Every structure is written in C-alpha cells, then in structure tokens.
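Student: I should like to study one part of this structure closely, namely the place where the ligand is held. Could you please take me through that part step by step?

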Amino acid sequence: MQCDTLWTNVHLITLCGDGLGILRDGELAAHEGRILHVGPAGSGAHLQPTRRIDGEGRWISPGLIDCHTHLVYAGNRANEFEQRLQGVSYADIARAGGGIVSTVRATRAADHQELARQSRPRLLAMRAEGITTLEVKSGYGLTLDDERKQLQVARALGEACNVHVVPTFLGAHAVPPGREAQEYIDEVCTVMIPAIAAEGLAEAVDIFCENIAFSTAQASQVFAAAEAHGLAIKIHAEQLSNQHGAELAARHGALSADHVEHLDAAGIAAMAEAGTVAVLLPGAFYFTRDTTLPPIAALRAAGVPLALATDCNPGTSPLTSPLLAMNMGATLFRLTVEECIAGFTRHAAQALGRGDRIGRLAVGMDCDLAIWDIDAPADLVYRIGFNPLHARVVRGQPDPV
Ligand code: DI6
Ligand code: FE
C-alpha cells in the first residue's frame, strides 16, 4: 500500500487508551495529511512509502494544542507589572485607565498589519515548542470592527506560520469605556454574534463571568445568542470568585470552563455530566500570585477531562511557553506528567471540539506531530526553560523548527 511518509525507529506517545498510550520502538505512517498506520517496529512492512524517515530513537507526540490564548493584541503592559511590584493594586491600575482597557485602546489603534506584526512573535514562540493548533480569542476590540479585525489577524497569522488557529469570539471580555454593561451585552448578542457567525469568523463564543466582569444572567444571554447562531460555548469561570458560571455553561453543553479555581461540587457535577473540559491556566495563577488552587482532586474523581493552556494575555499571563505551562501544571497544581501532556493534546482537542481529529496518534487522525529529543515523556514536563523539540509535522508534512 502506497503512503507518503513512514517514520521508523521512534517511540510514540499516542494518548490512546488509558494514560499516555506509550508505544516504544514503533513506527507511524502518513498519507494525504492523515495518520495511515501506527504500530510496533516492522508492522508497516506492507507499506511503500514515498519518503522514509529514520527517527533515530526520538519520541513523537501529537502536535501540542494550546486551547486558551488571547495571543492577538497590541500594546505592552510591562509597566503595570512594574507598578504592581511597587505595590500598586489591579484596581488602582484599572482606575488609572490601565488593565484590559489599555490593551483595548492599543488594539483599536492598530491596523491589521500592525496587529499582526506585534502578535506574530508570540505565535512563533508557541510554534517553536511544538504547537500545531492554537485557539485565539478576540476580546480586546470591543467593537464589531475591532473584534472582527482581531479574528481576521488570528486567521491570517495561522496561515502564514503554518499553525492551525481556532478562533473564539470573546466580545464579552470587558465593558468598553463609556458603555453600560447591559446595553453593551445587548449589542454583543444582537449585533456582534450574528455578524461574527455569518462571516464564519469564530467557532465558539466565550465570556468573562466574574464579579468584576459579566454576570451569569448576562452569560445566559450570550449563550442563547451563541446557540441561536450555531456557535459553541466556552467560559472564563470561577477565576476570582464562585459565580456558578461553570455550572451554567455546562448546562448549556459548553466545550470548556476555564480557570475554575473557585469551582464547587455542583459545578464539577454539571461539568462531568455534560463532558465539559476543565481548562486549567497555571500561568495566570502564577503571575497573579493566586493562592486558591482549582479543585483538582475533585475534578479528577468526577472524571472531568483536564486540559492545560497558557492563557497568553498581557495582563494576567504573558506566557508563550506550553512547556513551561506543563511544568507549572505539575509544580503548582500537582498534575501528573500524563495529565500535563494530555492537557496539551487529547483534552485540549476536546476543549476545542476537535477530539475526533487531533490530539491523539490514531489511524484517521490529522497527522500533526511534535518530534522530541528526549529520553522519556517526563522530560517534557520536568525541564524548565529547555526546548527539546526536533521538528513539527503539520498534516503529514515535516516543518523544521
Ligand atoms: N481573565 C483574565 O485573567 C484575563 N482575561 C480574563 O478573562 C485578563 C486579561 C487582561 O488583563 O488583559
Ligand atoms: Fe483567558
């Protein structure tokens, strides 16, 4: 049987079955962008590959998937970081026009080209560590034109950098300056979501449900609009307090509830019942010096899939390293190595509604791979500030880093 590429002499992290689904001394074949064969050494003898690659004992995982980023934005808030080091509070910074609003101002002022110029280095940093699929949220425009601009730039950057970008509309990220929350949410629901959906600019809708952002009543309104326009649902929930947003989102069949530091038993039960993924964001926990851990043990016991992501954003998680995010998941949240790697592959794919296409090494899945110079999978989580990536493969095509 003819195939495009056969990798031999490799160890596979398949994420199939329980745990990591490790297959040592294996081989993997790709044809027309999909995985054609996965098996032990020699099991592909029936194949006639156009290209045969000796993996020289390297490890292959699914390409890494970052399922929660705000990567496309303009401006820089390092100054706020310095202020906070001098004891200035978030609230004081926000009152002085800083915080999300300062990024909104800079993003609105940037045209497509400038927004892409500022965002591209962040995407390239992610790509350099084995990311093949990445979610990008809007949420720094807060007008239809500027939200559209963010999502268009995200799509264009993905195409230019050979990374699959999954766009999410987060118009309900903050109340724009000079607006009242409810009338703004009404515009999000009756004007923005219909337009974004009609133009095919997003696959899901997200909302920042928090005591400093939007209420669960407003989240219900946004979810109803998303459902009416065929868009999936995600939520930033229980990051700073328990607003019961995750439970509400799960009852709407949300793909994921993200942050969830303050998640309670009812929220966990609703997520378990709905199959909603808990997306854990240790970068924001670390950078904001949070002290409330997500209920990891209870989520684990309830069988809620755990994903990890960088939450790359200028205010609470200026992080563009999936490898560091995995180390934080283990070191700060006490996730296991298996959970950390699954958090950036199989479960991240589920959080993006793509569990049937990416995140596992199985026949028929997209052939998106990360090839690593490591001695064991734990090296991906254990090391800090070291990048062992040898190459990425995107839809079966090697893409040297
Ligand atoms: N939660 C967060 O931590 C970020 N957004 C959100 O919904 C903060 C974004 C920012 O500060 O720019
Ligand atoms: Fe976020």
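Tutor: In this predicted model, ligand 1 sits in the largest pocket. That pocket holds about 770 Å³ of space. Its lining is made up of 32 residues, and those nearest the centre of the pocket are Tyr90, Ile100, Phe208, Ile212 and Thr316.

Consider next which helices contribute to this lining. At least two residues of the lining of the largest pocket come from each of α2 (90-95), α3 (100-109) and α10 (282-287). Among the contributors, α2 supplies the largest share, with four residues. Sorted by class, the lining of the largest pocket consists of 15 nonpolar, twelve polar and five charged residues.

We may now turn from the pocket to the ligand itself. The residues around ligand 1 are Arg77, Ile100, Tyr140, His173, Phe208, His236, Gln239, His259, Asn313, Gly315 and Thr316. By class, this shell around ligand 1 comprises three nonpolar residues, seven polar residues and one charged residue.

Several members of the shell place a polar side-chain atom close to a particular atom of the ligand. For Arg77, a polar side-chain atom is 2.6 Å from an oxygen atom of ligand 1. Thr316 likewise has a polar side-chain atom 2.8 Å from an oxygen atom of ligand 1. In the case of His173, the partner is a nitrogen atom of ligand 1, which lies 2.8 Å from a polar side-chain atom of that residue. As for how far the ligand is covered, ligand 1 taken alone exposes 320 Å², and the protein buries 96% of that area.

A second pocket also deserves attention. The second largest pocket contains about 240 Å³ of space. Its lining is formed by Phe81, Arg84, Leu85, Val88, Ser89, Tyr90, Tyr286, Phe287, Thr288 and Arg289. Tyr90, named here in the lining of the second largest pocket, was also named among the residues nearest the centre of the largest pocket.

The helices may be examined for this pocket as well. Both α1 (78-85) and α10 supply at least two residues of the lining of the second largest pocket. It is α1 that gives the most to this lining, with three residues, while α10 also supplies at least two residues of the lining of the largest pocket. By class, the lining of the second largest pocket has six nonpolar, two polar and two charged residues.

How values were computed
Residues are numbered from 1 along each chain as its sequence is written. Chains are lettered from A and ligands numbered from 1 in the order in which they are written. This is a predicted model: local features need pLDDT of at least 70, side-chain atom pairs count only at pLDDT 80 or more; totals for chains, interfaces and linings use all residues. Side-chain values use heavy atoms; hydrogens and water are left out. A residue is near a molecule or strand if one of its heavy atoms lies within 4 Å of it. A polar contact is a pair of N or O atoms within 3.5 Å; within protein, one must be able to donate a hydrogen and the other to accept it, and residues adjacent in sequence count only if both atoms are side-chain atoms. Accessible areas come from the Shrake-Rupley method with a 1.4 Å probe; for residues, only the protein chains shown count as cover. On a 1 Å grid over the protein atoms alone, a cavity is a set of points where a 1.4 Å probe fits but cannot get out, and a pocket is an open set with protein on both sides within 12 Å along at least five of seven lines; lining residues have an atom within 4 Å of a point. A molecule sits in a cavity or pocket if more than half of its atoms lie within 2 Å of its grid points. Ala, Val, Leu, Ile, Met, Phe, Trp, Tyr, Cys and Pro count as nonpolar, Asp, Glu, Lys and Arg as charged, and the others, Gly among them, as polar. Grid points are joined across faces, edges and corners, and a volume is the space filled by probe spheres set on the points.
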